[in-house]
Amino acid sequence: MNLILQVFYTLFSSLLLSLAIPNELLKFGSPFIAFIALIPYYMAVKRSKNFYIAFLLGFIQTCTTHLLSSYWLAFFKDFAALTLGASAFGTGCIGALFGALLYMPYYTEKRRNSLNVTSISQIHLIPQRIFWFAAVYTSYEWLKSSGFLGYPWGTISSCMFRARIFMQLSAITGTYGITFLTVFFSALLGEGLELYFKVPDLPAKKRLVDSYRTCALLWVVFFSFSMVYGLVEYKKTRIPVKQLTTILVQQNEDPWLEGSDRQSILLSQELTTKQINELKDEDKKADLIVWSEGCLKSAFPDANSKYSNYPKEKPLFDFIRENQTPLLAGGSFRKKYRKSSPEYFNAAIVFDKNANFRGWYGKNHLVPFAEAIPFMEYPAVREFMDKVIGISAGWTPGNQYTFFDIPCQWYDKPLVDAVKNINLNQEFYQQKSEEEKPPVTRISTPICYDDAFTDIMRPLWKNGSEVFMNITDDSWSLKKSAEIQHFVIASYRSIEYRTTLVRSTNAGLTVVLDPAGKVLCELPLFEAASANCDIPVYKRKTTTYARFGNWLPFILNIFIAFGLIFEISGFENREYVFPEKEIRLRKKRAKKDDKKSDKKSDKKSHKKSDKKSSKRDSKKEKSKKK
């Protein structure tokens, strides 16, 4: 019965967390639910009798959360068994290992337990249990979000888009500081409920409550700091140094249903022309046109000859020359080799204003089991995947970071209450240098999945990116929650590096975010639309996170490692080490205590008898004298 209750608690926790993550009911999720979502899971782990049960609960919690929040992975062509099934099983396995790890403090208690839970010697275990739960769960999210098989969806931080002030903490700690504080709160409440309902009212309870209160105060201090810091950063006035007038096009065309890219190109041209005309009415000109991932089907550089005359109604290159504006579009690039088969890259292709092909960036982090299959370089694996599943090849991951310098304008909007000192000796030379060196904005072009990973985005920023210009196609998901989940996860990049993030997508969410995560421009989901936006470009400033990366998970992992060594090696400074020794020691102490009590009682009885006998003797002597 106890196990059934634990499984129920775990499933309820998964349901709460899935509701907190952006979904079809709560489009941007719920931070409030996120703060309480793991309370049932904390209580279930605490009630576990052994590591096996904790392992099972960890698998159920993480696998169920994945299935409920990322069910739309099943719509990826006919590969649901790989995209949803394999990812859910893999997530569950990672969660199971960390679930067993969460049980470690309770195993430690049971190793020395016969002591009551209210024992004064266990007062220190309350902060230990709470901190351990928050640290291990944060480490779990870090591990599941890292590496080739990393999947940063279904995380606590993805619930927080409505708490924009709290999100600002990611500039210091990354998303993992947000996860840690949120999980800490759930563990704190879970421990508080246990303390209130389960611990009897004994003298030692007061000390337990004092220990708990100290732990709660610590959370309040850290959370208050994050909110004050977040409020200051969110309200801070940031003045751009340049601006890049950009046209963003959202085609809402499913490339899997099209035999060619003709319709997609013509629609993109129509939507682009609409924005060009609007800019002309305002006496402005676009600096860059951006089309989403996968717009162009033919592989470059061979496709140069094709798009000179295609589509027939309006060839692509003629369209670019006519507008005299550089174009960034999603396509593919083919590398030829003499002795081996060619490699194909999911690429961002850039053309200058004269329609010259200027370069490409290959998507670095491919989607596991969808864009890249592990070990496909081996003929046996390739043959098996071709015959059984129908996949004969995949994309090749990019192996370099490419940047594009796009001509733009200086930011020249008047500033309210601004003071400007003009030095006549220097003004001429400043103007001359500006004429000789017109401003350019250095953009990086992470593709789709790239924008969710620190190991891609951080090197892009460190190597000079001024604007993240992401192109994405999530239209295959068919669900608004899938589009919004990706957007929310990507939105942290603008805050972590205090830089502008642009997302130009096929079906949504096409959006521009400033360095505080504020939405400057947005297009509706699953609609063919376009927009022009003066994208602000800010002076690059190094944040704590940009400098040190994922330093918080690193510290937490060290803490967990030392905690495990401390427990396993038995180097604890305590009286009891193994259950057998504990029992022996307790028996010896009980015997000693019994002997002492017997001796005390004998002494007391002897004293009483001596007193009585002395009284009798004195009475006899008195009677004789009389």
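Before I begin, one term: helices here are DSSP runs of H or I with at least four residues, and they are numbered from the N terminus. Please also bear in mind that this is a predicted model.

With that in place, let me turn to asparagine 23. This residue sits in the loop between helix 1 (2-20) and helix 2 (31-36). Is asparagine 23 buried or exposed? Its relative accessibility is 12%, and buried means under 20%, so asparagine 23 counts as buried. Its side chain is engaged with the backbone: it reaches the backbone oxygen of leucine 19 at 2.8 Å, and one of its polar atoms lies 2.7 Å from the backbone oxygen of isoleucine 21. If we set aside neighbours within four places in sequence, asparagine 23 is in contact with Ser18 and Ser481.

I move next to helix 4, residues 51-69. Its 19 residues, at 1.5 Å a residue, should span 27 Å, and the end C-alpha atoms are indeed 27 Å apart. At the start of this helix, a side-chain oxygen of asparagine 50 comes to within 3.1 Å of the backbone nitrogen of tyrosine 52. Among the buried residues of helix 4 are Ile53, Leu57, Gln61, Cys63 and His66.

Helix 7 offers a similar check on length. For its 20 residues the expected span is 28 Å, in agreement with the 28 Å between its end C-alpha atoms. Of those 20 residues, 15 are buried, so helix 7 is largely enclosed by the rest of the structure.

Part of its surroundings is helix 10. The axes of helix 7 (residues 125-144) and helix 10 (residues 175-198) come within 8 Å and cross at roughly 145°, and the crossing is right-handed. The residues that make this contact include Ile130, Phe133, Tyr137 and Trp142 of helix 7, together with Phe180, Val183, Phe184 and Leu188 of helix 10. By class, the contact has 15 nonpolar, 2 polar and 3 charged residues.

Finally, I would like to consider arginine 238, which is placed in the loop between helix 11 (203-235) and strand 1 (242-250). Which residues does arginine 238 touch, not counting those up to four places away in sequence? They are Glu233, Arg498, Pro515, Ala516 and Tyr538. With glutamate 233, the contact is polar and runs from side chain to side chain, at 2.7 Å. Tyrosine 538 is 300 residues apart from arginine 238 along the chain, yet their C-alpha atoms are separated by 7.7 Å.

Thank you for your attention.

Technical notes
Residues are numbered from 1 along each chain as its sequence is written. This is a predicted model: local features need pLDDT of at least 70, side-chain atom pairs count only at pLDDT 80 or more; totals for chains, interfaces and linings use all residues. Side-chain values use heavy atoms; hydrogens and water are left out. Axes are lines fitted to C-alpha atoms, for helices over the stretch in contact, and angles run from 0 to 180 degrees between N-to-C directions. Helices (H or I, at least four residues) and strands (E, at least two) are DSSP runs, numbered from the N terminus. A crossing is left-handed if the near helix is turned anticlockwise from the far one by less than a right angle, and right-handed if clockwise. Contact means heavy atoms within 4.5 Å. Ala, Val, Leu, Ile, Met, Phe, Trp, Tyr, Cys and Pro count as nonpolar, Asp, Glu, Lys and Arg as charged, and the others, Gly among them, as polar. The expected span of a helix is 1.5 Å times one less than its number of residues. Buried means under 20% relative accessible area, exposed over 50%, partly exposed in between (1.4 Å probe, protein chains only). A polar contact is a pair of N or O atoms within 3.5 Å; within protein, one must be able to donate a hydrogen and the other to accept it, and residues adjacent in sequence count only if both atoms are side-chain atoms.
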